[in-house]
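Me: Could you take one part of this model and look at it closely, starting from a single pair of residues and working outwards to what surrounds it? Please then set that part beside other regions of the same chain, and keep the terms explicit.

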Amino acid sequence: MELKVTNSPFNQEQAELLNRILPTLTDVQGVWLSGYLTAIQGTSISSVTTSGEAQLAPVAANVIESSKEVTILFGSQTGNCNGLAQKMAKKLKELDFQITLSSMGDFKPNGLKKVQNLLILVSTHGEGEPPDNAIPFYEFLHSKRAPQLEDLSFSVLSLGDTSYEFFCQTGKDFDKRLEELGGKRLSPRVDCDVDFDESAAEWMNEVISSLGQATASSTIANVGSGSELSATESEYSRTNPFHAEVLENLNLNGRGSDRETRHLEISLEGSNLHYEPGDSLGIYPENHPRLVDELIEAMGWNAEESVVIHKNGDRKSLREALLRHFEITVLTKPLLTQIANLTSSAGLNELLKTGHEDALRIYLSDRDLLDLVQDCSLKDIPAQEFVSILRKIPGRLYSIASSSKSYPDEVHVTVRTVQYEQQGRDRYGVCSIQLSERIQAGDSLPVYIQHNPNFKLAENPDAPIIMIGPGTGVAPFRSFLGEREETGAQGKTWLFYGDQHFSTDFLYQTEWQRWLKEGILTKMDVAFSRDSDQKVYVQHRMLEKKQELYQWLQEGAYVYVCGDEKKMAHDVNAALATILEQEGGLSPEEAAEYLSRMQQQKRYQRDVY
């Protein structure tokens, strides 16, 4: 926000000076300055009145007297909250706080009573559910065993996606429950959409300010510490992607298949980016040029009009902005509400009325921005006003299908093409169609590595592993086996794989067969659902082999599941529970507890979407 005489207590000269220096400050410098001002002004600041308007609250009144010990807990499915939690811990350590950083799955709930300052960073998974590693702590906190927490100060950062009905529901649940147990907020909960970087940074600075700062002298010594990149760190990240050359782009499906699955080999040479099996590759895609052109035509805009694309004032042509910077294929209720404020469309206002929630939910699920423009005749909104309320186009995450030990300076991904017709128009998976139709060897893609500590090979190379990955869900297991081949791991391996047809849809068939022959892959069971009258899926193969599978579990096998969350992952979980009941003699409750213990022990890991 820019300081002006009209929105601040400063005169014109002061406002101009502050506007020149504030944007140049680093995060640590900003935090230090906040603490310094608080320290020199103390609690004696009197309220200031400007031109008879509302009084400004004393700065010191917002600073909570607190311990220097802070516990940071994260619940994360893909690794975003884990990364943010580590960043928060680093900031606080630079300010001399004593930090306990832990996954919710590793935290001992009985120690919660001793915590004075608690920071929760959590994503929402599926239909408003906690991520896998947050479930035990979530259930404890919402049980009768949860203690009263009158001495607790807390704050919640919640990650989600506004295109989902239960946006940030897990964070909201934690925030509400901690208050019910007597906790006091250090700062208000912040709910972040898919483009979370700025909101998360603001939450971090607000929390640090509320925690109270060290003295100016002790903080000065830490300014800039840790800001230099180590030799093993890369300058490239989610907010600064690496433009990587595509080396290969192949269709894995055979002639006559109803499906198209691309195998991409991408060079990371010169990036200093590193990954492990189980991590994901983020790709920033481009919207389909046809959809962009149709949207511009429907709105009556000029494709070459210059528009601002960032808060820092960067400008691009309208077509370039819609092609590479803004999301136009997903509608959300917040977006429709903002558009309604820019237009007098009766159709849009009708859709947003109370009582029309079901109709709105259906509309959001199968329409895009062009549909909305055409359905509601939105032709009178200036281009700049319109793009200023659009979300930034988010990166698409794909499970990495290669071991860096097998392919140094390369990363491989497996992407199924999405294309269908709806409402009389062709629809495209934004990234998958770009990779399928518009990317060739020699082209480049903006990419980053998304580390996922929740989906990792067992540290013990002798531990048996069971991998369940139908369709493109098999991708990370190509990485797992490549890694085990390179490291000489001796543990047994068992892969359950499924798709539609053996003859056209058996992804990476020759590699699985080679690994079976060489003993890298001990067992493989396949399920091709369209090759028989009765559809057979991976969970059916698991139940057919239930006795042996149970024996592997008893031997300490690690179970990995990758793929569709809505149906496959639930069916696989149900199959595992059935096997425990039938082969282990457990009750349904005992089987559920067994699987929960496996998750806590990191013996049951899922990468589902």
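**A strand and its surroundings**

Reply: In E4, the residue that serves as bridge partner of Ile 120 is Val 156. The model is a predicted one, in which local features need pLDDT of at least 70 and side-chain atom pairs count only at pLDDT 80 or more, while totals for chains, interfaces and linings use all residues. Residues are numbered from 1 along each chain as its sequence is written, and side-chain values use heavy atoms, with hydrogens and water left out.

The names come from DSSP runs numbered from the N terminus, a helix being H or I over at least four residues and a strand being E over at least two. Two strands are said to pair if DSSP finds at least two bridges between them. The bridge between Ile 120 and Val 156 belongs to the pairing of strand E3 (residues 117-123) with E4, which is parallel and extends over 7 bridges. Strand E4 spans residues 153-159, and because 7 of its 7 residues are buried, the strand is largely enclosed by the rest of the structure. Buried here stands for under 20% relative accessible area and exposed for over 50%, with partly exposed in between (1.4 Å probe, protein chains only). The side chains alternate: Ser 153, Ser 155, Leu 157 and Leu 159 point one way from E4, whereas Phe 154, Val 156 and Ser 158 point the other way, and residues of both groups are buried.

E4 also pairs with other strands. With strand E5 (residues 184-185) it pairs in the parallel sense over 2 bridges, and in that pairing Phe 154 stands opposite Arg 185. With strand E6 (residues 190-192) E4 is joined by 3 bridges, again parallel, and here Leu 159 lies opposite Cys 192.

The connections on either side of E4 can be followed too. On the way in, E3, helix H4 (residues 135-141) and E4 make a right-handed β-α-β unit; the term right-handed applies if, with the strands pointing away from the viewer, the path from the first strand over the helix to the second runs clockwise. On the way out, the chain crosses from E4 through helix H5 (residues 169-180) to E5, and this β-α-β crossover is right-handed as well.

Elsewhere, an open sheet offers a contrast in its pairing: 6 strands are arranged in the order E12-E9-E16-E7-E8-E13, and their pairing is antiparallel. Its edges are strand E12 (396-399) and strand E13 (410-416), each of which pairs on one side only. From one strand to the next the twist averages 40°, where angles run from 0 to 180 degrees between N-to-C directions and axes are lines fitted to C-alpha atoms, for helices over the stretch in contact. Within this sheet, E16 is mostly covered, with 6 of its 7 residues buried. Strand E7 (residues 242-251) pairs antiparallel with strand E16 (residues 444-450) over 4 bridges, and His 243 stands opposite Pro 446. Strand E9 (residues 280-283) likewise pairs antiparallel with E16 over 4 bridges, and the bridge partner of Gly 282 is Tyr 448.

A helix contact completes the comparison. Helix H3 (residues 80-94) and helix H6 (residues 197-211) have axes that come within 11 Å and cross at roughly 35°. Their crossing is right-handed, a term used if the near helix is turned clockwise from the far one by less than a right angle, and left-handed if anticlockwise. In the contact (heavy atoms within 4.5 Å), Leu 84, Lys 87, Met 88, Lys 91 and Leu 92 of H3 meet Ala 200, Trp 203, Met 204, Val 207, Ile 208 and Leu 211 of H6. These residues divide into 9 nonpolar, no polar and 2 charged, with Ala, Val, Leu, Ile, Met, Phe, Trp, Tyr, Cys and Pro counted as nonpolar, Asp, Glu, Lys and Arg as charged, and the others, Gly among them, as polar.
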